[in-house]
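Colleague: I would like to go through the ligand site and the internal cavities of this model. Please keep the answers short.

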Amino acid sequence: MTLDPAQPSLIAVKGLSKQFDLSPPWWARLLTGAQRRVLKAVDDVTFDIPRGKTLGLVGESGCGKSTVARCVTNLMVPTSGRVDFNFGGAVEPSTALSPEGRRKVQMIFQDPYSSLNPRWPISKTIAEPLKVFGLKTSRAEIRDEVRLLLETVGLHADDAHKYPHQFSGGQRQRICIARALACRSEFLVLDEPTSALDVSVQAQILNVMLELQARLHLTFLFISHDLSVIFQMSDYVGVMYLGRLVEIGPTAEVFRRPRHPYTQLLLQTVPRTNLVGQIRAPLSGEVPSPIKPPGGCSFHPRCPHVMDVCRSVAPKQTQSGAELVACHLAAG
Ligand SMILES: Nc1ncnc2c1ncn2[C@@H]1O[C@H](COP(=O)(O)OP(=O)(O)OP(=O)(O)O)[C@@H](O)[C@H]1O
Ligand SMILES: [Mg+2]
């Protein structure tokens, strides 16, 4: 199922899996009899994102969101599965992206300070992709473009000569966005881009991104553990649990009527103004180890609706309304 059959997908991810081999070396296994230890960080994840739209990925810490982001942006090689981009011409697999394609896929990280070179004035940071990709050549053109990009993200053009330590966290994240825009990117992966910022600055950055998306028709994969941010930013939402995508569909639909018991529990943890003063039930139970996930449906030890079949058979994704849900209950 594609999320919007009427819209072409900019990115299609099929059966993406990433395993980390944490086994001791073979000689140590031989001497001690230790077993192989393989961690399934991402397990058979499939989704697509229509051009100009945002897919939000949510799930508890360690469920594999950043690993999906790294595989999608080629920072990590998946164990299996594929990622295809369609920028309007031929479909390009992520493993063989043209230089043009590589330029169009950019990532914004949680900590803007560590993703900026502290020894470079920000004019150099933003000018670099313009030079590397040959988008602007003369010094005057580059200087003008840097000033324009700074203004686009709400900074002063005269700030260009300053260094990263002379900016606040929110301003640094704006610089990272300006650098991504300098690449004329079309697809941005935003991995917790505002988690390190205070709430008012967070709102400003989210608004900048929404405004840029509408103006430049950008496509986003937006990762956050904050469901209210996901609700604000995303057209579609994917819910991950222990490396698997358990539910995916239009955000309004998923928030109005979550079908997977994990999504239902996750949504109960969102603060609501009409529940002020009431105690909200925390999501109970520990997340099991991804090295030894429970058999059957990996959510079954925490599921309030667990049935016998859940303990032995992993549920397949089935369509339920406009959504895909991996749950025996949804399968009926
Ligand atoms: N390079 C690595 N080597 C070994 N294990 C890894 C590596 N990167 C991630 N993992 C493991 O893979 C699993 C998924 O990690 P990932 O960073 O994708 O989670 P996440 O959903 O982004 O979590 P968070 O919300 O805390 O950022 C975790 O169990 C993590 O320990
Ligand atoms: Mg992460």
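Modeller: Helices (H or I, at least four residues) and strands (E, at least two) are DSSP runs, numbered from the N terminus. The model is a predicted one.

Colleague: Which elements each supply at least two residues of the lining of the second largest cavity?

Modeller: The lining consists of V58, L227, V237, V239, V254, F255, T263, L266 and L267. V237 and V239 fall in the range 236-241 of β9. V254 and F255 belong to 251-256, and T263, L266 and L267 to 261-268. The elements are therefore β9, α9 and α10.

Colleague: Which element gives the largest share of that lining?

Modeller: T263, L266 and L267 are among the lining residues, and the range of α10 is 261-268. The largest share is three residues, and it comes from α10.

Colleague: How many residues of the lining of the second largest cavity are nonpolar, polar and charged?

Modeller: T263 is in the lining, and Thr is not listed as nonpolar or charged, so T263 counts as polar. By class, the lining has one polar residue, no charged ones and, as nonpolar, eight.

Colleague: What is the volume of the largest cavity?

Modeller: Two cavities of 30 Å³ or more are counted. The second largest has a volume of about 40 Å³. For the largest cavity the volume is about 80 Å³.

Colleague: How many residues of the lining of the largest cavity are polar?

Modeller: H260, H300, H305 and H328 are among the lining residues, and His is not listed as nonpolar or charged, so these count as polar. The lining also includes C297, C303, C310 and C327, and Cys counts as nonpolar. The lining has eight nonpolar residues, no charged ones and, as polar, four.

Colleague: Turning to the ligand, which element gives the most to the shell around ligand 1?

Modeller: The surrounding residues include L39, A41, K65, S66 and T67. Both β2 (38-50) and α2 (65-72) supply at least two residues of this shell. With three residues, the one that gives the most is α2.

Colleague: Which residue has a polar side-chain atom 2.8 Å from an oxygen atom of ligand 1?

Modeller: Polar backbone atoms of C63 and G64 lie 3.2 Å and 3.0 Å from an oxygen atom of ligand 1. The side-chain atom at 2.8 Å belongs to S66.

Colleague: How much of ligand 1 does the protein bury?

Modeller: Besides the contact at S66, the accessible area can be considered. Ligand 1 taken alone exposes 630 Å², and the share that the protein buries is 65%.

How values were computed. Residues numbered from 1 in each chain as written. Chains lettered and ligands numbered in written order. Predicted model: local features only at pLDDT ≥ 70, side-chain atom pairs only at ≥ 80, totals over all residues. Heavy atoms only, no water. Near = heavy atom within 4 Å. Polar contact = N/O pair within 3.5 Å; in protein donor to acceptor, adjacent residues only side chain to side chain. Areas by Shrake-Rupley, 256 points an atom, 1.4 Å probe, with all protein chains shown as cover. 1 Å grid on protein atoms, 1.4 Å probe; cavity = no way out; pocket = protein on both sides within 12 Å on 5 of 7 lines; lining within 4 Å. Points joined across faces, edges and corners; volume = space filled by probe spheres on them.
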